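Hi everyone, thanks for coming. I'd like to walk you through one chain today, so let me put the sequence and the model up on the screen.

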Amino acid sequence: MSSRYNAISRRFMACVSVSYYVIFIIFTSVIIGFDEKFNVDSKGPAMYWMKSVKDSKKICDMNIPGTHDSGARYTQGIVTGVVASCQNSSIYAQLNSGIRYLDLRVDSNGTICHGILKCYKSIITNKENELKLSDVLDYVNKFLENNPSEFVILQIKREGKDTNKNDFKNNIGSLLESKSKYYRKKSGMNLSELTVADVRGKFLVFARDCGNIDGGAFVYSNWGDNASYKLAKIDGNDCFLQDEYKAKTKNEKMECIKNFYNKIWKENLKDKFVVNFTSCVGYYILWAVAIQINPSFKEFFEKNGSNKKFGIVLMDFPDGNLIESIYKTNF
């Protein structure tokens, strides 16, 4: 009798635990997906902050706020949707909030992905509502048309279930060509020499793990995996990189970030790019670790950002204050 009672009790507690977890997942989905008070501010001077940046400033010398897995606001499944969500705002809202570097993971069919999961334009996750690179390009072109003082960098990485190299190059290359109104192709110019004046009102493409998609993209190489301190290349130019995404806690990730910057600040950073990811997997609820990291990174940045190079900073769930802290150091 006792063993039967214990078995029933264990099953009951397991059901209760699962129920609490499902409630937590749904509650978290609501917080990161619907509640606008958690979203970045999309009004005011953040939309046109580059107006205050001198034409002569090189883009490799700028501190540029960006988002990691920029399209991963809504992904497949109740549980996986929360685990894989990296942002709480649409692409267009991110641009309006001051974000100028978008990290886009794309499959061969042009669908935005996070890993093998497809991303969507809303919580309705059907095929018709898939977020496509064509949608992102429309948002970027519309933003640049309304804000000609700005420029946007699109980092495109081949990812997802459909990742045939040839299909990817053909399909994505054709798509970029069809949406090229504000596309600034490299056209033989050295990336490290590009100034703000060269790219105002345009978007650039930085290609990662997919080669030169269309002849106009600047190509990353030697990126590596889980890089804590890496000298990569971007179209032949040196690029210091930190992307230690396997960190589990705020303290572990902040140690990665601080160690990275303390090392590169001893180097000659003239004409070199710097790319830093504040994002990490944590314990697989990305929102939970991001809301701890962001205030700590903001404090670290505000102590050093006025006189030190931070470069491109890619974040999960950044708020308007953090984004503003970064872009204001450019003027």
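Let's begin on the outward side of a helix: Asn 166 and Ser 178 are exposed there, on the other side of H5 from its buried residues. Please keep in mind as we go that this is a predicted model.

So which residues of H5 are buried? They are Phe 168, Ile 172, Gly 173, Leu 175 and Leu 176. These five sit on the same side of H5, because they cover an arc of only 160 degrees around the axis. And what covers them? The cover includes two elements from earlier in the numbering, strand S3 (101-106) and helix H4 (133-146), together with strand S6 (152-158) and strand S7 (203-208).

A quick check on the geometry of H5, which runs over residues 165-178: with 14 residues at 1.5 Å a residue, it should span 20 Å, and its end C-alpha atoms are indeed 20 Å apart, so the two agree.

Now let me step back to the whole chain for a moment. There are nine helices and 12 strands in it. Of its 331 residues, 53% count as buried. If you take the contacts between residues at least 6 apart in sequence, 70% of them join residues at least 24 apart.

We can see examples of that kind of pairing in the loop between H5 and helix H6 (196-199), where Ser 192 lies. Is Ser 192 buried or exposed? Its relative accessibility is 4%, so Ser 192 counts as buried. Setting aside neighbours within four places in sequence, Ser 192 is in contact with Lys 58, Cys 60, Asn 237, Asp 271 and Phe 273. Its C-alpha atom is also 9.5 Å from that of Gly 236, and those two residues are 44 residues apart along the chain.

Lys 185 is found in the loop between H5 and H6 as well. With a relative accessibility of 28%, Lys 185 counts as partly exposed. Not counting residues up to four places away in sequence, Lys 185 touches Glu 177, Asp 214 and Gly 216. From Lys 185 to Phe 218 is 8.4 Å, C-alpha to C-alpha, across 33 residues of sequence.

One more loop residue brings us back to H5. Asn 109 lies in the loop between S3 and strand S4 (113-114). Its C-alpha atom is 6.8 Å from that of Asn 171, with the two positions 62 residues apart in sequence terms. Leaving out neighbours within four places, Asn 109 is in contact with Lys 132 and Asp 162.

On to a second helix, H7, covering residues 250-264. Its 15 residues reach 21 Å from the first C-alpha to the last, close to the 21 Å expected at 1.5 Å a residue. Buried in H7 are Lys 253, Met 254, Cys 256, Ile 257, Phe 260, Tyr 261 and Ile 264. Why do we place them on the same side of H7? Because they cover an arc of only 150 degrees around the axis. I'd point out that a lysine is on that buried list, namely Lys 253. On the other side of H7, Asn 251 and Glu 255 are exposed. The buried residues of H7 pack against strand S10 (237-242), strand S11 (273-277), helix H8 (286-304) and strand S12 (312-315).

Next, the backbone. Asp 69 has a positive phi of about 45 degrees, although it is not a glycine. You'll find Asp 69 in the loop between strand S1 (64-67) and strand S2 (74-75). At 2% relative accessibility, it counts as buried. Asn 222 is another residue other than glycine with a positive phi, near 60 degrees. Asn 222 is in the loop between strand S8 (218-221) and strand S9 (230-234), and at 45% relative accessibility it counts as partly exposed.

Asp 69 also takes us to the last stop, the largest pocket. How much space lies in that pocket? About 390 Å³. The pocket is lined by 19 residues, and those nearest its centre are His 68, Asp 69, His 114, Tyr 245 and Val 281. By type, the lining divides into nine nonpolar, four polar and six charged residues.

That's my tour. Thanks for listening, and I'm happy to turn the model around for anyone who wants another look.

Key:
Residues numbered from 1 in each chain as written. Predicted model: local features only at pLDDT ≥ 70, side-chain atom pairs only at ≥ 80, totals over all residues. Heavy atoms only, no water. 1 Å grid on protein atoms, 1.4 Å probe; cavity = no way out; pocket = protein on both sides within 12 Å on 5 of 7 lines; lining within 4 Å. Points joined across faces, edges and corners; volume = space filled by probe spheres on them. Nonpolar A, V, L, I, M, F, W, Y, C, P; charged D, E, K, R; others polar. Helix = DSSP H or I, 4+ residues; strand = E, 2+ residues; numbered from the N terminus. Expected span 1.5 Å × (residues − 1). Buried < 20%, exposed > 50% of the residue type's maximum accessible area, 1.4 Å probe, protein only. Arc of directions from axis to C-beta. Contact = heavy atoms within 4.5 Å.
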